[in-house]
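Thanks for making time this morning. I will walk through one structure, starting with the whole chain and ending with a single loop residue.

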Amino acid sequence: MAGDSGMAGKVALLLWERLVLQLPARALLEGDTVTLRCRGWQDGTVTGVRFYHGDKDLGGALCGTELSLSPLQLHHSGRYRCGGWVNSGPSPWWEMSAPVTVTVTVHVPVANATITPGPPALQVHPGDPVTLRCSVQVGSAPVTFTWPHNGHQVARGPLLELGAVHVGHSGTYQCVATNQLGQDGHRVFRALSPELALEVTPQGTTGHLWNTVAVNVGRTLLYLLLLLAVIGSCRWWHRRGG
C-alpha cells in the first residue's frame with residue numbers, strides 16, 4: 001500500500017507539472033518588458049490557453065501561449081496561473097498550472113541633485129586641493145553622474161577630483177544625475193544640480209587690488225588739494241587787485 005501511495009504521489013506530481021507557467025528569473029522592475037509563457041510538459045502541445053491573475057480570468061488568444069505585461073506596472077503584481085488543453089495523450093484534457101508570483105519593484109526617478117561644497121560660489125587659490133561631490137535626494141539605483149564644466153562634460157562619477165587647482169579650473173560646474181526605467185532603458189530621468197561658480201584667485205590679488213584703490217584715492221586727494229590751492233590763489237589775487 002505504501003508503494004502504491006508513493007506511485008500515486010508521483011503520478012499526481014507529473015499531472016500537475018504537465019502545464020507550467022514560466023516568468024523571467026530576475027528582479028522585475030517597473031517599466032520592464034515581461035512575458036509569461038504557458039508551456040506543456042516536455043514541450044507538449046497546449047491549445048486554448050487562458051491566463052488568470054488572482055481570481056480574474058484574463059482570457060487569451062486561442063492560438064497563443066504568452067501573456068505580455070509590458071510595460072510592467074505596479075498593478076501587475078500578484079499571483080498568476082494559466083490553463084489550457086494539453087495534447088500529450090490519446091485525447092486532450094484541460095490542465096491548470098501551479099501559480100507563480102509576480103513582484104514588481106517600483107522604480108523611483110532621480111530628483112534634487114546637489115553639489116557639496118554647495119553653490120552658488122566657491123573661491124579658492126592656485127594649488128588648493130578641490131573635490132566636489134554630487135548626490136541625489138531620491139532615485140533608484142543604478143544612478144550615473146556626469147560633470148559639465150562651462151557646458152562641456154569633463155568627468156563621470158559622484159566625485160569630481162580636481163586635485164591642485166589652477167586658474168584654468170575656474171568657471172561654472174554642474175552635476176547631472178541619471179537613472180533609467182526598465183531593463184531596456186526606454187525612459188530616462190535626469191536631475192540637474194544648481195550651478196557652482198568656482199573662482200581660482202591667485203595669491204596676492206586682493207592685496208594688489210587694495211593697493212590700486214589706495215593709489216587712486218591718493219591721486220584724487222592730491223588733485224583736490226591742488227584745485228583748492230588754485231581757487232585760494234585766485235581769490236587772493238582778486239582781493240588784492242580790488
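**The chain as a whole**

The protein chain has 242 residues, and 30% of them count as buried. Please keep in mind that this is a predicted model. The secondary structure of the chain comes to 2 helices and 20 strands. The exposed area of the chain is about 15,300 Å², with 60% of it supplied by carbon and sulfur atoms. Now take the contacts in the chain with a separation of 6 or more: 63% of these are accounted for by residues 24 or more positions apart.

**Two sheets**

Let me take the strands next. As a reminder, strands of a sheet pair through backbone hydrogen bonds, and the pairing can be parallel or antiparallel.

One open sheet here has 3 strands in the order 1-3-6, and its pairing is antiparallel. Which strands sit at the edges of this sheet? They are strand 1, residues 19-22, and strand 6, residues 66-68, and each of them pairs on one side only. On average, neighbouring strands of this sheet are turned by 15° against each other, if direction is ignored. Strand 1 and strand 3, the latter being residues 35-40, run antiparallel and are joined by 4 bridges. Within this sheet, Gln22 has Arg37 of strand 3 standing opposite. Hold on to Arg37, please; I will return to this residue under salt bridges.

Further along there is another open sheet of 3 strands, with the order 11-13-16 and antiparallel pairing. Strand 11 (111-116) and strand 16 (159-164) stand at the edges with a single partner strand each, so one side of each has no neighbour in the sheet. From one strand to the next, the twist averages 15°. Strand 13, residues 129-138, runs antiparallel to strand 16, and 5 bridges join the two. One residue facing across is Arg133, which stands opposite Leu159 in strand 16.

**What is packed inside**

How many residues does the largest nonpolar core have? The number is 23, and the residues with the most contacts inside this core are Leu122, Val124, Val130, Leu132, Trp147, Leu160 and Leu162. Several strands each supply at least two residues of this core, among them strand 11, strand 13 and strand 16, which we have just met in the sheet. Others on that list include strand 12 (121-124), strand 14 (144-149) and strand 18 (176-181). Strand 19 (187-192) and strand 20 (196-200) are on the list too.

Apart from this core lies another one, of 18 residues. Its members include Leu19, Leu28, Tyr80 and Cys82.

**Salt bridges**

The structure holds 3 salt bridges, and I will go through them in turn.

Arg26 and Asp32 meet through their side chains, at 3.0 Å from N to O. Is each partner buried or exposed? Arg26 has a relative accessible area of 36%, so this residue is partly exposed. Asp32 is at 1% relative accessibility and counts as buried, because buried means under 20%.

Next comes Arg37 again. The side chain of Arg37 meets that of Glu66 in a salt bridge of 3.1 Å, N to O. This pair links distant parts of the chain, with Glu66 in strand 6 and Arg37 in strand 3, 29 residues apart. Glu66 counts as partly exposed at 47% relative accessibility, and Arg37 counts as partly exposed at 39%.

The remaining pair is Asp57 and Arg50, whose closest N and O atoms are 3.1 Å apart. Asp57, at 37% relative accessibility, counts as partly exposed. Arg50 is also partly exposed, with a relative accessible area of 31%.

**One loop residue**

I will finish with Pro194. Where does Pro194 lie? Its place is the loop between strand 19 and strand 20. With a relative accessible area of 45%, Pro194 is partly exposed. Leaving out residues up to four places away in sequence, Pro194 touches Ala113, Ile115, Pro119, Tyr173 and Gln174. Take Ile115 from that list: Pro194 and Ile115 are 79 residues apart along the chain, and their C-alpha atoms are separated by 7.6 Å. Ala113 and Ile115 fall within strand 11 (111-116), which stands at an edge of the 11-13-16 sheet.

That is the tour; I am happy to take questions.

Key:
Residues are numbered from 1 along each chain as its sequence is written. This is a predicted model: local features need pLDDT of at least 70, side-chain atom pairs count only at pLDDT 80 or more; totals for chains, interfaces and linings use all residues. Side-chain values use heavy atoms; hydrogens and water are left out. Two strands pair if DSSP finds at least two bridges between them. Axes are lines fitted to C-alpha atoms, for helices over the stretch in contact, and angles run from 0 to 180 degrees between N-to-C directions. A nonpolar core is a set of buried Ala, Val, Leu, Ile, Met, Phe, Trp, Tyr and Cys residues joined through side-chain atoms within 4.5 Å. Buried means under 20% relative accessible area, exposed over 50%, partly exposed in between (1.4 Å probe, protein chains only). Contact means heavy atoms within 4.5 Å. Accessible areas come from the Shrake-Rupley method with a 1.4 Å probe; for residues, only the protein chains shown count as cover. A salt bridge is a side-chain nitrogen of Lys or Arg within 4 Å of a carboxyl oxygen of Asp or Glu.
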